[in-house]
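Q: Please look closely at one helix of this protein and at the parts that surround it. I am new to the structure and would welcome a connected account, with each term explained as it arises.

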Amino acid sequence: MPTDYREPTYGNWRKPVSPGIGRLGLIGTMILMGGMVTVTLIAMVSIVPALISAVVLGLVMLPLVIQDQHGRTALQKMTARVAWWSGRSRGWHLYRSGPLSIVASGSHRLPGLLAQSRLVEARDSYGRPFAMVVVPSTGHYTAVFECSADGAALVDQEQIDSWVAYWGHWLAALGFEPGLVGASVTIETVPDLGTRLRNEVSANIDPNAPELARAALEEIVWNYPRGSARVSTWIAVTYAATARPGGKRRDQDEMAREIGMRLPGLTSTLEMTGAGTARPVTADHLTRLVRMAYDPDSQSDLESAEGQETRWEDAGPVATQELWDHYVHDSGHSITWGMSEAPRGEVLSSVMTGLVSPHHDIARKRVTFLYRPYDPATAATIVERDRKDTRFRLNGAARDEVAVVSSDQSALEEARGAGLTRFTILVTATVRSADELPLAAAAVDTLAPPARLRLRRMYGSQASAFAAALPVGVVLPDHLQVPAVVRESL
């Protein structure tokens, strides 16, 4: 039947900018202004030292002005390269566990940012067990739940748009969660080995069934998994032990009770977003999925031994080696990309379908959306500051005028009650051998343009990006040594 319904579009994603002259941020502008004042004062005494000072100032400012297509300055590239060389010279790019480890002999702990993490299991207010990842270095506690997404196949567009609207409400509600510092959504596509189907059929088959029915079931069990993929979705919410700045730091038992009371509300509201039934992930399940991420060849053994208990201390790899452009871990070779620019303009609700779907050139693909929701007070401050900064940088260019209009729209929507969330996307492609890495990289390069994304390979930080893409609640900004004010100003 004819209808007047029009499919809505989505957009107006903004990357906050800092006030500055041209491409310079706040710190770069302050250096330039201070240098010009210094040169002027020296010129009042002697012209030759002033010229020398001007040349030195130009050399200092040059790395801050030169930028690549992803917006990274030459100074940032040089800093990343020096940090990589420094870590490589100290052997930080290598990891060995087990009997040969010099840190924890006999166990296989996770490397890098998750080295000090531990896993505990608690129960929510419904009595359901849930895994809680504890990171002592940052004081973060993460709970993970698995979703059975309904999918958009054979679903009316009106229903899909309703799911998207409820998802926006769910993200906005995270800004009112006390102590919540981050959330993530991980969509992983892995080969379906058919182990679970085989176990399910074997456990329910009737020994007195006709021979024809038994033969048909056996044929389905052996032929169905060939070339098929399994799509899994996990959502992780991360809370800080200190709910507010200067507040009392809560211990592990208090955090377990706090998160346990909030999980039922978070999982129940997810059903209206199209995520299907959301249930907390147990400690054994979370340990298995992390182990398979670092060692893809262990998938068959772990799925066959469903009743065998696994330990978080053995979820890590035996050996890893981080290279400049990829990451080698046990039986896998991975490349991780990060989003450098969100889609410009307007997009439809199906814009990410191709990116999260299985691909025949990638054995295991993991797409993770990282969210950092802001509380209403902080959101109001950010949007108002962004309005002032965009007007300060306005110089008549079309993009600057669009930025002013976009910042005004964001401030208006926030004033009407909309939430503010900073987000990024990580894409990890894992293959069996190094020879398959070029095919995986080419596949991701072809999937990014339809999604209207600009992806940049995480050079020099492949191990950290790999860990952040896992559904274990790694909040990257809290692991950086550079202050947030300096990063945003540059």
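A: The account below begins with a single helix and then turns to its surroundings.

The model is predicted, and for that reason local features need pLDDT of at least 70 and side-chain atom pairs count only at pLDDT 80 or more, while totals for chains, interfaces and linings use all residues. Residues are numbered from 1 along each chain as its sequence is written, and side-chain values use heavy atoms, with hydrogens and water left out.

The helix in question is α4, formed by residues 157–174. Helices (H or I, at least four residues) and strands (E, at least two) are DSSP runs, numbered from the N terminus. The expected span of a helix is 1.5 Å times one less than its number of residues. For the 18 residues of α4 this gives 26 Å, and the end C-alpha atoms are 26 Å apart, which agrees.

The buried residues of α4 are Ile160, Asp161, Trp163, Trp170, Leu171 and Leu174. Here buried means under 20% relative accessible area, exposed over 50%, and partly exposed in between, with a 1.4 Å probe and protein chains only. Among the elements that cover these residues are the strands β4 (140–147), β5 (180–191), β6 (229–240), β11 (364–373) and β12 (421–431), together with helix α7 (252–270). Cover of this kind rests on contact, meaning heavy atoms within 4.5 Å.

One residue of α4, Trp170, also belongs to the largest nonpolar core, which has 55 residues; Trp170, Val237 and Ile259 have the most contacts inside that core. A nonpolar core is a set of buried Ala, Val, Leu, Ile, Met, Phe, Trp, Tyr and Cys residues joined through side-chain atoms within 4.5 Å. Valine 237 touches Trp170 itself, and beyond the residues up to four places away in sequence its other contacts are Tyr141, Thr142, Ala143, Phe145, Leu180, Gly182, Ala183 and Leu266. Apart from this core there is a second, separate one of 28 residues, whose members include Leu110, Ala236, Tyr294 and Ala469.

Threonine 142, one of the residues touched by valine 237, lies in strand β4. Its relative accessibility is 0%, and threonine 142 therefore counts as buried. With neighbours within four places in sequence left aside, threonine 142 is in contact with Ala131, Met132, Val133, Ala236, Val237, Thr238, Val472 and Gly473. The side chains of threonine 142 and threonine 238 are joined by a polar contact of 3.0 Å. A polar contact is a pair of N or O atoms within 3.5 Å; within protein, one must be able to donate a hydrogen and the other to accept it, and residues adjacent in sequence count only if both atoms are side-chain atoms.

Strand β11, one of the elements that cover α4, is itself mostly covered, since nine of its ten residues are buried. β11 runs antiparallel to β5, to which seven bridges join it, and ten bridges join β11 to β12, again in an antiparallel arrangement. Two strands pair if DSSP finds at least two bridges between them. Valine 367 in β11 stands opposite isoleucine 187, and leucine 370 has threonine 424 in β12 as its bridge partner.

The end of α4 leads to a link with helix α7. Glutamate 177 forms a salt bridge with arginine 262, the closest N and O atoms being 3.5 Å apart. Because glutamate 177 lies in the loop between α4 and β5 and arginine 262 in helix α7, the pair ties together parts that are 85 residues apart in sequence. A salt bridge is a side-chain nitrogen of Lys or Arg within 4 Å of a carboxyl oxygen of Asp or Glu. At 17% relative accessibility glutamate 177 counts as buried, whereas arginine 262, at 24%, counts as partly exposed.

This pair can be set beside others, for the structure holds 17 salt bridges. Arginine 128 forms one with aspartate 124, and their closest N and O atoms are 2.9 Å apart. Arginine 128 is partly exposed at 23% relative accessibility, while aspartate 124 is buried at 6%. Glutamate 341 and arginine 344 meet in another salt bridge, at 2.4 Å from N to O. Both residues of that pair are partly exposed: glutamate 341 has a relative accessible area of 22% and arginine 344 one of 41%. Finally, Glu384, Arg387, Arg391 and Asp408 are joined into one network by salt bridges that share partners.
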